[in-house]
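User: I am new to this structure and would like a close look at its sheet, strand by strand, together with the contacts that surround it. Please take me through it slowly.

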Amino acid sequence: MPGDTGTPTPPGTPAPLGTAAERYRMLRLIRGFEELALALVKAGAIPGGIHPYIGQEAVAVGVCSALLPADRLTSTHRGHGHVLARGVAPHRLLAELLGRVDGLNGGRGGSMHAADLSLGILGANGMVGAGAPIAVGAAWAAQQEQAGQEQAGHSSAGPSPVAVAFFGDGALNQGVLLESLNLAAMWRLPVLFVCENNGYATTLPAATAVAGSATGRAAAFGIPAEEVDGMDTEAVRAAALRAVERAREGGGPGFLECRTYRYEGHHTMERRMKLRYRTPEEVEAWRERDPLSRAAALLAPGAAAALDLSVAEQLSAAEDFALASEHPDPAGALDHLYADGLRPRAGVTP
Ligand SMILES: Cc1ncc(C[n+]2csc(CCOP(=O)(O)OP(=O)(O)O)c2C)c(N)n1
Ligand SMILES: [Mg+2]
């Protein structure tokens, strides 16, 4: 493996997020990762560009800090923050964005399809709202397993795993989300729906697209819902802990609407388009509520600067690692498509 990326954590080890310092470090890691990825898009090294998560870090860190190793999550097209906050090493995710063989998924998934089953990450997802039914399925599986263990008389089965579905305000009008809410409520599934309401679906303001409210949708299905300041990691964490603990105890699904904002464009392509759907004043007002400054203020003097330095070193090693990794061999383009190997078309010799 190229590059010195420090002591590797064993696969399947979630990121430690139990202290305010660990949560600050993760916020900084996600911010720095995204800034590095933006630079690499500009340099032409990341095919297809990315959907930057800058500004929304408190949601990923706050929610993931409430999870246990056996929990599962589904992510979105704007998923780097969720994947890093759960514990994927930045050098593996960066190599994935660059399409290299040492990437998290061998460079085959890229930005919108990062997955790591050892961490319960059931995948980022390019389809708006599509992670919700997957999380509901994972929660149903967990509920069935738990019931099976109880029936078999295993009283020490441990806390019941939960599943988290992250999605944006754009998913609020997708039928699949409403179907997922319904099933989760009917079957009292241990699933947490996390709406990252950043005010826009691409360039469409939620204010002109979403009738009623996000929490009102959950309430219609009898699902307890909370509105949370999505720029405040500790507020998100507290709300996520409340919902997750209730779900583990058999109390059924929960729903958080995290009010947040993306500082960058919807996608890196937007930089070239000169779109004007937000005013500079609006962007600036949200930047003043930056989740990193708020998290740094909770630490001892000098602590944030020391963590910034260690993150910068980690990301520099991640960049070296990713850039030194090979591109996949085109001859293997059809590998991994089927569980039992390549099935050639009739009459075609592989
Ligand atoms: C089912 C579906 N419809 C449309 C799109 C095109 N699309 C990609 S991102 C996006 C906006 C998503 O907005 P939101 O859910 O608020 O997430 P955000 O981009 O704000 O993080 C749309 C419409 C898609 N990927 N999938
Ligand atoms: Mg949005």
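Analyst: Strands β1 and β2 run parallel and are joined by three bridges, and within this pairing T74 has A165 of β2 as its bridge partner. This is a predicted model, and what follows describes that model.

The pairing of β1 with β2 belongs to an open sheet of five strands, which are ordered β1-β2-β3-β7-β6 and paired in parallel fashion. At its edges stand β1, residues 72-74, and β6, residues 225-229, each of which pairs on one side only. On average, and with direction ignored, neighbouring strands of this sheet are turned by 20 degrees against each other.

Moving inward from β1, one comes to β2, where five of the six residues are buried, so that this strand is largely enclosed by the rest of the structure. On its way to the next strand, β2 is joined to β3 by six bridges, and the two run parallel. Two positions help to place this pairing: A163 has V191 of β3 as its bridge partner, while F167 stands opposite C195 in β3.

Strand β3 itself, which spans residues 191-197, is mostly covered, since the cut-off for a buried residue is under 20% relative accessible area and seven of its seven residues are buried. The cover reaches both faces of β3, with V191, F193, C195 and N197 buried on one side and L192, V194 and E196 buried on the other.

The region that follows β2 and β3 also holds a metal site. The magnesium ion (ligand 2) has as its protein donors D169 through OD, N198 through OD1 and Y200 through O, and these lie 2.1 to 2.2 Å from the ion. Along the chain, the donors are spaced as D-x28-N-x1-Y. Because D169 lies in the loop between β2 (163-168) and α6 (175-186), whereas Y200 belongs to strand β4 (residues 200-201), this pair ties together parts that are 31 residues apart in sequence. Both D169 and Y200 are buried.

At the other end of the strand order, β6 and β7 (residues 254-259) run parallel and are joined by five bridges. In this pairing, R259 of β7 is the bridge partner of D229, and each of these two residues also takes part in a salt bridge, as described below.

For D229, the salt-bridge partner is R289, with the closest N and O atoms 2.9 Å apart. Since D229 lies in strand β6 and R289 in the loop between α9 and α10, the pair ties together parts that are 60 residues apart in sequence. Neither end of this contact falls in the buried class: D229 is partly exposed with a relative accessible area of 24%, and R289 is partly exposed with a value of 30%.

For R259, the partner is E257, and their side chains meet in a salt bridge at 2.8 Å, N to O. Here the two ends stand in contrast, for R259 is partly exposed, with a relative accessible area of 37%, whereas E257 is buried, with a relative accessible area of 2%. Salt bridges that share partners also join D229, D232, R289 and R294 into one network, so the contact between D229 and R289 belongs to a wider set of charged residues.

These contacts are part of a total of 12 salt bridges found in a search of the whole structure. Another of them brings together the side chains of R31 and D290, at 2.8 Å from N to O. It links distant parts of the chain, with R31 in helix α1 (residues 20-42) and D290 in the loop between α9 (280-287) and α10 (291-296), 259 residues apart. Both R31 and D290 are buried, whereas D229 is partly exposed.

One last feature concerns the surface. W140, L183, M186 and W187 make a nonpolar surface patch of about 420 Å². Of these residues, W140 lies in helix α5, which covers residues 131-151, and it is partly exposed, with a relative accessible area of 40%.

Technical notes
Residues are numbered from 1 along each chain as its sequence is written. Chains are lettered from A and ligands numbered from 1 in the order in which they are written. This is a predicted model: local features need pLDDT of at least 70, side-chain atom pairs count only at pLDDT 80 or more; totals for chains, interfaces and linings use all residues. Side-chain values use heavy atoms; hydrogens and water are left out. Patches are made of residues with over 30% relative accessible area and no salt bridge: like charges are joined within 9 Å, nonpolar side chains (Val, Leu, Ile, Met, Phe, Trp, Tyr) within 5 Å. Accessible areas come from the Shrake-Rupley method with a 1.4 Å probe; for residues, only the protein chains shown count as cover. A salt bridge is a side-chain nitrogen of Lys or Arg within 4 Å of a carboxyl oxygen of Asp or Glu. Helices (H or I, at least four residues) and strands (E, at least two) are DSSP runs, numbered from the N terminus. Buried means under 20% relative accessible area, exposed over 50%, partly exposed in between (1.4 Å probe, protein chains only). Donors are N, O and S atoms within 2.8 Å of the metal (3.2 Å for Na, K and Ca); water is not among the atoms, so sites may look incomplete. Two strands pair if DSSP finds at least two bridges between them. Axes are lines fitted to C-alpha atoms, for helices over the stretch in contact, and angles run from 0 to 180 degrees between N-to-C directions.
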